[in-house]
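This briefing walks through one helix and its surroundings, and then turns to charged side chains. Please keep the sequence and the structure in view while reading.

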Amino acid sequence: MLKRTHTCGELRKENIGETIILNGWVKKRRDLGNLIFIDLRDRYGITQIIFDPADFPEAHTIAKNLGREFVIAVEGKVSSRGEQINPDMPTGEIEILATKLEILNSSATPPFPLDDEEETDDTRLTYRYLDLRRPHLQKAMQVRHKIALAARNFLDSQGFLEIETPILAKSTPEGARDYLVPSRVHPGNFYALPQSPQLLKQLLMVAGTDKYFQICRCFRDEDLRADRQPEFTQIDLEMSFADQEDILKITEGFVSAALKAADIEVEEVFPRITYKEAMEKYGSDKPDLRFDLQFVDISSLVTETDFNAFKVTLENGGIIKAVRVPSGTTLTRKLLDKLGDIARSGGAKGLLTVKYLPENKKQSPLTKFLSEEQWGNIDKATGAVEGDILLIIADKPAIANPALGNVRNELAKMLNLIDPEKFSVLWVTDFPLFAYDENEQRWTSEHHPFTSPHPDDIDLIESAPGEIRSCSYDLVINGFETASGSVRIHNSNLQKRIFNLLNLSESEINERFGFFINALKFGAPPHAGLAIGLDRLTMLALNRTSLRDVIAFPKTQKATDLMTEAPTCVNKEQLKELKLEIANEGEK
């Protein structure tokens with residue numbers, strides 16, 4: 001075999017006159033009279049090859065048999081393209097005059113084009129090994145590698161140790177469902193694939209590791225979305241003798257380094273917003289700040305009104321929120337109806353509109369219910385002027401804020417308010433520690449049960465759990481939760497109080513977390529940590545819309561692998577070894 005001396009993206013005009021060897025795949029073949037041109041591709045780029053029968057007839061004869069995606073080796077001389085330069089190719093100033101050609105392997109005709117950037121579909125996932133040859137997916141794999149390497153190098157420079165934690169672990173169900181693995185040696189018992197290394201990394205702090213990180217695989221058996229996969233990769237870290245400020249500072253360092261590896265520059269210190277402020281201003285705990293559209297609470301401005309929807313809302317402790325849409329009067333009735341449907345799908349009773357028309361006129365069901373003074377106050381509070389539109393929701397805060405938040409996000413799409421070149425990174429802090437589950441009639445953890453309460457709120461655990469803030473923090477990038485972390489509970493008594501509030505019995509605590517509670521009794525240091533999704537960070541860095549574009553072998557929305565056809569049935573002998581039977585199923 002002719003072994004390559006260069007890659008297909010490497011040669012430049014400085015190499016003219018050199019004899020080289022390239023290996024790669026035939027991207028395209030063109031026959032122009034006697035001359036045959038091919039574009040040869042590898043992961044590094046594309047180089048044009050010329051086969052001339054006048055000079056090297058043997059190579060030209062072999063080249064007649066080349067098809068798309070044939071794997072070949074070519075020896076030849078680097079030549080100038082003269083006036084036929086291709087400015088869109090890094091190798092566009094040169095071409096190779098082929099002297100020898102070896103066909104290393106032929107190829108069937110690919111079932112889809114390999115030179116476009118179409119979204120990955122079922123056919124492409126079935127032939128993922130071909131899909132991955134496309135340049136934009138090759139780039140995604142390279143950027144993902146650079147991001148992971150930059151994070152690893154930064155954390156190493158800060159004294160973190162990379163330590164692997166087990167994949168076969170104990171099931172401690174809390175939140176998403178576990179993937180379970182049956183044990184052959186211990187029939188009737190199961191391992192669980194880790195949803196995260198949460199307890200294990202905390203135990204490493206008890207063990208005196210001080211600073212830990214891991215680029216680890218995690219698994220969650222949950223319904224999928226564009227930004228979710230059943231198995232995913234996160235950059236996980238934990239620090240001893242650390243508080244929230246320490247974690248935020250370290251994370252800002254390695255995220256900045258990771259994004260710089262993807263040619264994205266961000267501020268060294270990320271902006272911060274509390275959960276309460278995020279919900280009140282943007283109706284979301286992961287607000288996209290690449291565009292504005294902040295909410296204004298106009299409740300106090302309309303207390304004196306006969307408009308029944310406002311009166312009833314305020315009497316029942318609700319709020320009235322408005323968002324000003326600059327030049328919003330351009331929105332058609334169809335679009336406004338769509339926004340109303342979005343508001344109602346979020347639980348709101350409806351979406352009121354106020355159009356600011358010329359000559360200080362307003363078009364709205366509200367016009368006859370509010371005085372000129374009230375309208376003046378609303379205009380001043382919202383900043384609305386001619387050509388704008390106000391969108392208003394009146395309801396309980398738990399409904400009004402997120403419903404208007406959904407409207408806000410849809411408005412950004414309708415009005416093209418998002419600059420694709422802009423990158424918004426911010427911290428959201430002080431999340432509630434607990435949420436009340438009406439179906440189960442009990443308190444549940446908003447983050448996870450090992451999150452420390454805010455020091456000022458610890459006394460509220462038994463008396464007012466709904467008012468407790470947590471020492472937790474999320475990193476939000478372009479409206480996506482990209483990282484999440486918290487200060488951990490390091491005191492066994494406090495941890496038991498949290499478990500008790502979550503309505504876990506003593507036996508449940510011992511069965512699920514007994515090993516962990518016991519470890520906290522042996523001098524556990526104060527510690528804090530965070531995990532950031534590598535898949536999601538890469539997706540955002542590349543401005544892609546799906547995680548499937550940045551994972552080598554992703555699953556479908558139904559958690560299946562179309563290429564390998566996983567998951568599959570197993571035979572009766574395997575089940576017998578595991579002491580398992582399939583209920584209500586025929587023999588496999």
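In this predicted model, helix H5 covers residues 198–206, and its buried residues are Gln198, Leu199, Lys201, Gln202, Leu204 and Met205. An α-helix has 3.6 residues a turn, so residues three or four places apart point the same way.

**Helix H5 and its neighbours**
- The buried residues of H5 pack against two strands, E9 (211–219) and E10 (231–240), and also against helix H13 (506–520) and strand E22 (527–533).
- After H5 comes Gly208, a residue whose phi is positive, near 90°.

**Salt bridges**
- Across the whole structure, a search finds 30 salt bridges.
- One of them joins the side chains of Asp288 and Arg290 at 2.7 Å, N to O; Asp288 is buried, because its relative accessible area is 7%, under the 20% limit, and Arg290 is buried too, with a relative accessible area of 12%.
- Another salt bridge joins Asp379 and Lys362 through their side chains at 3.3 Å, N to O, and this pair links distant parts of the chain, since Asp379 lies in helix H10 (residues 372–382) and Lys362 in strand E15 (residues 361–363), 17 residues apart.
- Both Asp379 and Lys362 are buried.
- Asp116, Arg124, Arg128, Asp131 and Arg134 are joined into one network by salt bridges that share partners.
- The side chains of Asp285 and Lys286 also meet in a salt bridge, at 3.7 Å, N to O; Asp285 counts as partly exposed at 26% relative accessibility, and Lys286 counts as partly exposed at 38%.

**A charged surface patch**
- Glu118, Glu119, Asp121 and Asp122 form a negative surface patch, and Glu118 is found in the loop between strand E5 (94–105) and helix H2 (122–126).

How values were computed
Residues are numbered from 1 along each chain as its sequence is written. This is a predicted model: local features need pLDDT of at least 70, side-chain atom pairs count only at pLDDT 80 or more; totals for chains, interfaces and linings use all residues. Side-chain values use heavy atoms; hydrogens and water are left out. Patches are made of residues with over 30% relative accessible area and no salt bridge: like charges are joined within 9 Å, nonpolar side chains (Val, Leu, Ile, Met, Phe, Trp, Tyr) within 5 Å. Accessible areas come from the Shrake-Rupley method with a 1.4 Å probe; for residues, only the protein chains shown count as cover. A salt bridge is a side-chain nitrogen of Lys or Arg within 4 Å of a carboxyl oxygen of Asp or Glu. Lys and Arg count as positive and Asp and Glu as negative; His and the chain ends are not counted. The place of a charge is taken as NZ of Lys, CZ of Arg, CG of Asp or CD of Glu. Helices (H or I, at least four residues) and strands (E, at least two) are DSSP runs, numbered from the N terminus. Buried means under 20% relative accessible area, exposed over 50%, partly exposed in between (1.4 Å probe, protein chains only). Contact means heavy atoms within 4.5 Å.
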